[in-house]
Structure formats: C-alpha cells, structure tokens
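Please find below a colleague's note on one protein chain. It is set out as numbered points, to be read alongside the sequence and the structure.

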Amino acid sequence: MPQYCSVPGCTNSGGHKFPEERELQLRWRVAIKRRDSTTKGLWKPGKHDVVCAAHFKEADYRVSGLLGSRKRLLPDAVPSLFLFRESSTPRSSKYSRRDDVDLSVVNNVQLEVEVGNEAEVKEESDDLDGIEPMQQEMGVHCTLLGRFGIDNLENDPKRVQYYTSFRDYEHFMLFFNCLGPAVNELNYQCLSLTPKDQLFMCLLKLRQNKEDIELSFLFEVSESTVSKIVITWINFLYFQLKDKHLAI
C-alpha cells in the first residue's frame with residue numbers, strides 16, 4: 001500500500017521518511033505546518049510517514065552516478081516548497097474557526113473577540129488621559145519609531161535575548177512555529193497585532209515584568225487589550241506545552 005505525502009493538501013505518494021534526529025525532525029514538522037486534529041498542536045509523524053520530493057529544492061539533493069542518474073537527499077535538508085498553501089488557506093478565512101481548547105477551566109476566564117469598535121477606540125484614548133509628562137513623551141517616542149514588534153529585532157539577537165530569553169529571532173520563530181496553526185485561532189483575537197507580536201508582548205510581560213500601560217504604548221493598543229492578550233497567551237501556552245518536551 002503506497003504511503004502518501006504528509007504535507008497538508010498534497011496527494012503524492014512515496015517520498016522521504018522523517019529524520020530520526022530529533023531537532024531535524026522538528027524542523028520538518030514546523031516546515032510542513034500540519035496540525036494534530038486532536039490536540040490542535042504540531043502534528044507528530046509515525047515511523048512510516050513521508051514527505052514527497054515535490055517539497056524539496058534541487059539544492060537539497062546530492063547528485064551522483066552516470067549523467068547524474070542518482071539523487072540522494074542531503075542529511076540536513078528541510079522541505080521548503082509548498083505552492084498549494086496560498087489557495088488552500090485564504091487569508092480571508094484566517095479567523096473563521098476557533099480553537100477547541102477549553103480555556104475556561106483556568107480561572108474561568110471569559111474571553112471575547114475584539115471587533116475594533118468605537119468603544120475600544122474611546123477606551124484607548126481614555127487610557128492616555130491624565131498620564132504624567134514622562135509617559136506622554138514615551139508614547140510620542142514610540143509613535144515616531146513605529147509600533148514595537150519582534151520583526152524589528154530580526155537582526156538584533158542581543159535585544160531578542162534580553163526581552164524574551166531566546167538567543168535570536170530565528171530561535172524565537174522556531175518556538176512560535178512549534179505552537180502550530182492554533183496560534184491563529186485563539187478565543188480572544190486582537191486584530192491589530194499579529195500572533196507572533198502577541199507572543200512577544202506576553203514574553204515581555206513575563207520576563208521584564210512590564211506594566212500594562214508601558215506595553216500599551218509600545219504596541220499601540222489599550223491597557224485592557226494588553227491584559228486580555230497576556231491572559232489568553234498564558235493559558236494557551238499552558239495547554240500547548242504541558243505535555244510537550246521541546247528541544248529548541
């Protein structure tokens with residue numbers, strides 16, 4: 001019986017088995033972005049699961065034999081070609097589903113979808129009223145520099161490590177991708193921040209013990225939005241990581 005490709009949406013049969021080396025296998029799992037239907041986390045392959053050759057570049061192979069008749073996958077190759085994704089996961093449906101994880105069991109937290117209505121805009125404005133001049137200067141400074149975000153630190157590993165404990169941007173993104181597609185389906189959706197910046201905000205809160213008002217200036221959202229994001233992500237990380245042993 002043919003073994004079909006493990007990449008979501010691919011119907012090819014045959015291919016390369018997942019590597020046994022744990023870190024390299026994790027990189028394959030992150031690359032194909034397949035979600036476990038039960039846990040909603042990153043899918044884990046069995047010993048017979050494969051990724052077909054269509055998802056590897058020519059540079060991923062060592063060519064040998066007469067006239068290049070033999071091709072062997074390089075030991076550190078990672079699948080990187082996924083042309084079907086754009087059509088199978090349209091951006092318009094990004095938030096069309098909700099995560100099945102029941103977050104209400106932790107402190108009975110009730111979370112809601114942010115809709116960006118006038119009340120939220122007014123709340124953000126009210127949060128700025130009455131703050132001291134130093135805090136006002138901080139808000140102006142952040143506006144001039146642009147919204148704070150993890151992408152701004154892509155080439156600054158020292159600051160990434162200071163803010164998050166991850167050694168650099170790539171290390172942060174490896175952890176983020178290990179959380180799986182469920183990051184796009186949390187019970188509380190802040191449409192003005194990407195999921196990776198929400199995780200970044202949560203790590204800033206936990207590692208730096210920053211006040212909500214300071215985070216609201218940095219990320220240009222209200223204090224109440226900061227609080228909801230942090231609570232949501234702490235609960236989410238707990239459920240996603242409690243049974244996982246990640247070597248990243």
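The points below go from the whole chain to selected helices, loops and residues.

1. Overall make-up. The model under discussion is predicted. Its chain holds 9 helices and 4 strands. Read from the N terminus, these elements follow the order β-α-β-β-β-α-α-α-α-α-α-α-α.

2. Burial, surface and contacts. The chain has 248 residues, and 40% of them count as buried. About 15000 Å² of the chain is exposed, and carbon and sulfur atoms supply 50% of that area. Among contacts with a separation of 6 or more, 68% come from residues 24 or more positions apart.

3. Helix 1. This helix spans residues 22-32 and is mostly covered, since 8 of its 11 residues are buried. The buried residues are Leu 24, Gln 25, Leu 26, Trp 28, Arg 29, Val 30, Ala 31 and Ile 32. At the start of helix 1, Glu 21 places a side-chain oxygen within 3.2 Å of the backbone nitrogen of Glu 23.

4. The residue after helix 1. Lys 33 follows helix 1 and belongs to the loop that leads to strand 2 (50-51). Its phi is positive, about 55°, although Lys 33 is not a glycine. Is Lys 33 buried, partly exposed or exposed? With a relative accessibility of 47%, Lys 33 counts as partly exposed, because that class lies between the limits of 20% and 50%.

5. Leu 179. This residue sits in the loop between helix 6 and helix 7. Leu 179 has a relative accessible area of 1% and is therefore buried, the limit for burial being under 20%. Which residues does Leu 179 touch, not counting those up to four places away in sequence? They are Lys 40, Gly 41, Leu 199, Trp 233, Phe 236, Leu 237, Gln 240 and Leu 241. One of these partners, Lys 40, is 139 residues from Leu 179 in sequence, while the two C-alpha atoms are 9.0 Å apart in space.

6. Gln 189. The loop between helix 6 (169-178) and helix 7 (195-208) also contains Gln 189. Gln 189 is buried, and its relative accessible area is 3%. Where does the side chain of Gln 189 reach? It reaches the backbone oxygen of Asn 184 at 3.2 Å and the backbone oxygen of Leu 186 at 2.9 Å.

7. Helix 7 against helix 8. Two packed helices are described by the angle between their axes and the distance between the axes. For helix 7 and helix 8 (residues 212-219), the angle is about 150° and the axes are 11 Å apart. Helix 7 is therefore roughly antiparallel to helix 8, because angles over 145 degrees are placed in that class. The crossing of helix 7 with helix 8 is right-handed. On the helix 7 side, Asp 197, Phe 200, Met 201, Leu 204 and Lys 205 take part, and they meet Asp 212, Leu 215 and Phe 219 of helix 8.

8. The loop joining helix 7 and helix 8. Asn 209 is found in this loop. Asn 209 is not a glycine, yet its phi is positive, at about 55°. Is Asn 209 buried or exposed? Its relative accessibility is 62%, so Asn 209 counts as exposed, the limit for that class being over 50%.

Definitions and conventions
Residues are numbered from 1 along each chain as its sequence is written. This is a predicted model: local features need pLDDT of at least 70, side-chain atom pairs count only at pLDDT 80 or more; totals for chains, interfaces and linings use all residues. Side-chain values use heavy atoms; hydrogens and water are left out. Helices (H or I, at least four residues) and strands (E, at least two) are DSSP runs, numbered from the N terminus. Buried means under 20% relative accessible area, exposed over 50%, partly exposed in between (1.4 Å probe, protein chains only). A polar contact is a pair of N or O atoms within 3.5 Å; within protein, one must be able to donate a hydrogen and the other to accept it, and residues adjacent in sequence count only if both atoms are side-chain atoms. Contact means heavy atoms within 4.5 Å. Accessible areas come from the Shrake-Rupley method with a 1.4 Å probe; for residues, only the protein chains shown count as cover. Axes are lines fitted to C-alpha atoms, for helices over the stretch in contact, and angles run from 0 to 180 degrees between N-to-C directions. Angles under 35 degrees count as roughly parallel, over 145 as roughly antiparallel, 65 to 115 as roughly perpendicular and the rest as oblique. A crossing is left-handed if the near helix is turned anticlockwise from the far one by less than a right angle, and right-handed if clockwise.
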